[in-house]
Structures are given as structure tokens and as C-alpha cells.
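Me: Could you take a close look at one side chain here and work outward from it? Start with its exposure, then follow the packing around it. Give the cut-off for each term as you go.

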Amino acid sequence: MKNLRFESSQDLTREQEAITHFLTLKPKCSYVKLGENQVDFKILDQDKIPVAYVEVKGRNGTMKDAYPLPVSAYKVVKLCKLRLNPIIIWSCLDGIIYGQVTKIVGEAKWGGRKQRGNWYADQELMIYYDKQQGLKEMPF
């Protein structure tokens, strides 16, 4: 079956590295990788009770060059619908940038990536986040 999600094994490894690095802030927590049509991760406390949901986005650059940080508006809505500490992590080459969606402000506009054939999801409503107090940077 053709991979319509365009996630390579390298992308999935990068997601794992980002969530593992993020959880060094919360050493008693663990994570569960969620299914293909869900957000990326559920974070559990030491009693295995869900405490947050996380979406990880890859950036092919350094943290200082990553802004504005893009994410699909659809992903933000999907994350927020779960109602439990929605967090976005942008995985850069030299670290992660993260923020709780309810505490950051972004600008919605049409955008995305360069069109790949007839793949409809390349261009969509995006949210772009400039550097701000609610976004934290954590070098590797």
C-alpha cells in the first residue's frame, strides 16, 4: 500500500527523539505513540493517567532559523479537541521548540509545502507561530 502520509523511518525516529528529549523535563512521565490518524503521542503520568497530547513537527533547520513555526490548522484543531494540555513540539536539527497550544498565539493563513503532484494536503490552512514567551527552546 502506498504511504500517503509521507513519513519516512527517519521522520519517525526524529519524532521519538523529540518526545524523549521533551520528557527529560518530566522524568516520571512516559509516552504512548498513537495511531496513524491521531495526534502523535499521549503523555502519561507515573500512575499511567493521561496528562497531555503531543504533535511533533519536523524542521529541517536550526532553532534560531526555525521561525515562524508552521503547523497545519487541522492538526491544531485535532490536538485541541482532546482537551488535555495540547502541546506542539517542533524538532529542529539542534534541539526542540515546544509550547502548549492554549498559551501561544499564531497567525492563520493559506500555505504549506511545495505541491507534490496531486496530493491535496500539500496546500492547506496553516498556523504560523513567531518567537514568543509561550514557546520554549531546548537544545539537544
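Reply: Tyr31 counts as partly exposed, with a relative accessibility of 29%. Partly exposed is the class between buried (under 20% relative accessible area) and exposed (over 50%), computed with a 1.4 Å probe on protein chains only. This is a predicted model, so local features need pLDDT of at least 70 and side-chain atom pairs count only at pLDDT 80 or more, while totals for chains, interfaces and linings use all residues. Residues are numbered from 1 along each chain as its sequence is written, and side-chain values use heavy atoms, without hydrogens or water.

Now the ring of Tyr31. The whole structure holds three aromatic pairs. Rings of Phe, Tyr and Trp (its six-membered ring) pair if their centres lie within 6.5 Å; planes under 30 degrees apart are stacked, over 60 edge-to-face, and the rest tilted. One pair is Tyr31 with Phe41: because the planes stand at 85 degrees, with centres 5.2 Å apart, the pair is edge-to-face. Tyr31 belongs to strand E1 (residues 30-33) and Phe41 to strand E2 (residues 41-44), so the pair ties together parts that are 10 residues apart in sequence. Strands (E, at least two residues) and helices (H or I, at least four) are DSSP runs, numbered from the N terminus.

Which class does Phe41 fall into, buried or exposed? Phe41 is buried, at 0% relative accessible area. The charged end of Lys33 also sits over the Phe41 ring, 5.1 Å from its centre. That label needs NZ of Lys or CZ of Arg within 6 Å of the ring centre and within 35 degrees of the ring normal. A second such case is Lys109, whose charged end lies over the ring of Tyr128, 5.3 Å from its centre.

Lys33 and Phe41 share a neighbour, Glu15. Glu15 is in contact with Glu7, Lys33, Asp40, Phe41 and Val56, leaving aside its neighbours within four places in sequence. Contact means heavy atoms within 4.5 Å. Glu15 lies in helix H1. Glu15 counts as buried, at 5% relative accessibility.

Step back to the sheet. E1 and E2 belong to an open sheet of six strands, ordered E1-E2-E3-E5-E6-E9, with mixed pairing. Two strands pair if DSSP finds at least two bridges between them. E1 and strand E9 (136-139) are the edges; each has a single partner strand, so one side of each has no neighbour in the sheet. From one strand to the next, the twist averages 30 degrees. H1 (residues 9-22) packs on this sheet, touching E1, E2, E3, E5, E6 and E9, and its direction makes about 120 degrees with that of E5. Axes are lines fitted to C-alpha atoms, for helices over the stretch in contact; angles run from 0 to 180 degrees between N-to-C directions. Further along, six bridges join E5 to strand E6 (residues 95-100), and the two run antiparallel. Ile87 has Gln100 as its bridge partner in E6.

Glu55 is a second buried Glu, at 2% relative accessible area. Glu55 sits in strand E3 (residues 50-58). Its side chain reaches the backbone nitrogen of Asp40 at 3.4 Å. A polar contact is a pair of N or O atoms within 3.5 Å; within protein, one must be able to donate a hydrogen and the other to accept it, and residues adjacent in sequence count only if both atoms are side-chain atoms. Beyond four places in sequence, the contacts of Glu55 include Val39, Lys75, Leu79 and Ile87.

Lys75 and Leu79 lead to helix H2. Both are among the buried residues of H2, with Ala73, Val76 and Lys78. The cover over these buried residues includes E3, E4, strand E5 (86-92) and E8. At the start of H2, a side-chain oxygen of Ser72 reaches to within 3.1 Å of the backbone nitrogen of Tyr74. Just after H2, Arg83 takes a positive phi of about 60 degrees.
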